[in-house]
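The following exercises are to be worked with the sequence and the coordinates at hand. Each task is followed by a solution in steps.

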Amino acid sequence: GQFTVVPHVIGGNKYLYLITEYYYDGCLEARGDDRSWIYYPRDGKKQNVSNPIFANKKTLNDFIIRLGFSQSMVKGIVVVNDDCFIARFDKSVGQSVLCTISNLENVILGYESTDVAPFNTRELEQVIRDLHDSNKVA
């Protein structure tokens, strides 16, 4: 089957990362810019599924608007299980990329190694506080 998990947020030195996880028990035939992909579950017929990169991008945009962050501060990452076979394709759409769970650290390290000034500690702490406060139940 296919499952999605509530997004996670990781604070790095240079970016915030909005991460959504998906589990596919089979393989995906995908194109980064297609609205739907073809999913071949191990135990069933092929199905059309929504493009998880687009879903991450929408969540990312909502997150940026809701919290008033600069778009340049946040990167979206879609993580899939390592045993999901994905046909080769451009694995990014805008600010969101797709990777396997075992490659997540490399993706984040790649972003963190870019020539961008790091957050100052107070700025990052305030962003995390704002994020925490926005998730409090009234």
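**Exercise 1. A salt-bridge network**

With which residue does Arg 42 form a salt bridge whose closest N and O atoms are 3.7 Å apart? Place both partners in the chain and state how accessible they are.

*Solution.* The model is a predicted one.

Step 1. The partner is Asp 83: its closest approach to Arg 42, N to O, is 3.7 Å. A salt bridge is accepted here when a side-chain nitrogen of Lys or Arg is within 4 Å of a carboxyl oxygen of Asp or Glu, so the pair qualifies.

Step 2. This pair links distant parts of the chain, with Arg 42 in the loop between strand 5 and strand 6 and Asp 83 in the loop between strand 7 and strand 8, 41 residues apart.

Step 3. Arg 42 also meets the side chain of Asp 25 in a salt bridge, at 2.7 Å from N to O. Here too distant parts of the chain are linked: Asp 25 lies in the loop between strand 3 and strand 4 (26–29), 17 residues from Arg 42.

Step 4. Asp 25, Arg 42 and Asp 83 are thus joined in a network of salt bridges.

Step 5. Arg 42 has a relative accessible area of 52%, and because exposed means over 50%, Arg 42 is exposed. Asp 83, at 44%, is partly exposed, and Asp 25, at 21%, is likewise classed as partly exposed.

**Exercise 2. A salt bridge within a helix**

How many salt bridges does a search of the whole structure find? Describe the one that Asp 62 forms.

*Solution.*

Step 1. The search finds three salt bridges.

Step 2. Asp 62 pairs with Lys 58, and their closest N and O atoms are 2.9 Å apart.

Step 3. Both residues belong to helix 1, where they are four residues apart, about one turn of the helix.

Step 4. Lys 58 counts as exposed at 53% relative accessibility, whereas Asp 62 counts as partly exposed at 39%.

**Exercise 3. The surroundings of strand 7**

Is strand 7 (residues 74–80) largely enclosed or open? Identify the strands that pair with it.

*Solution.*

Step 1. Seven of the seven residues of strand 7 are buried, so the strand is largely enclosed by the rest of the structure.

Step 2. In a regular strand, side chains alternate between the two faces of the sheet. Val 74, Gly 76, Val 78 and Val 80 point one way, Lys 75, Ile 77 and Val 79 point the other way, and all are buried.

Step 3. Strand 3 (residues 16–24) pairs with strand 7 in the parallel sense over seven bridges; Leu 16 stands opposite Val 74.

Step 4. Strand 10 (residues 96–100) also runs parallel to strand 7, joined to it by five bridges. Here Gly 76 stands opposite Ser 96.

**Exercise 4. An open sheet and the loop after strand 6**

In what order do the four strands of the open sheet lie? Continue from strand 6 to Asn 51 in the loop that follows.

*Solution.*

Step 1. The order is 6-5-4-8, with mixed pairing. Strand 6 (47–50) and strand 8 (85–86) are the edge strands, each pairing on one side only.

Step 2. Strand 5 (residues 36–41) pairs with strand 6 in the antiparallel sense over four bridges, and Tyr 39 stands opposite Gln 47.

Step 3. Asn 51 lies in the loop between strand 6 and helix 1 (52–67). Its relative accessible area is 2%, and since buried means under 20%, Asn 51 is buried.

Step 4. The side chain of Asn 51 reaches the backbone nitrogen of Ile 53 at 2.8 Å.

Conventions: Residues numbered from 1 in each chain as written. Predicted model: local features only at pLDDT ≥ 70, side-chain atom pairs only at ≥ 80, totals over all residues. Heavy atoms only, no water. Pairing = 2+ DSSP bridges. Helix = DSSP H or I, 4+ residues; strand = E, 2+ residues; numbered from the N terminus. Buried < 20%, exposed > 50% of the residue type's maximum accessible area, 1.4 Å probe, protein only. Polar contact = N/O pair within 3.5 Å; in protein donor to acceptor, adjacent residues only side chain to side chain.
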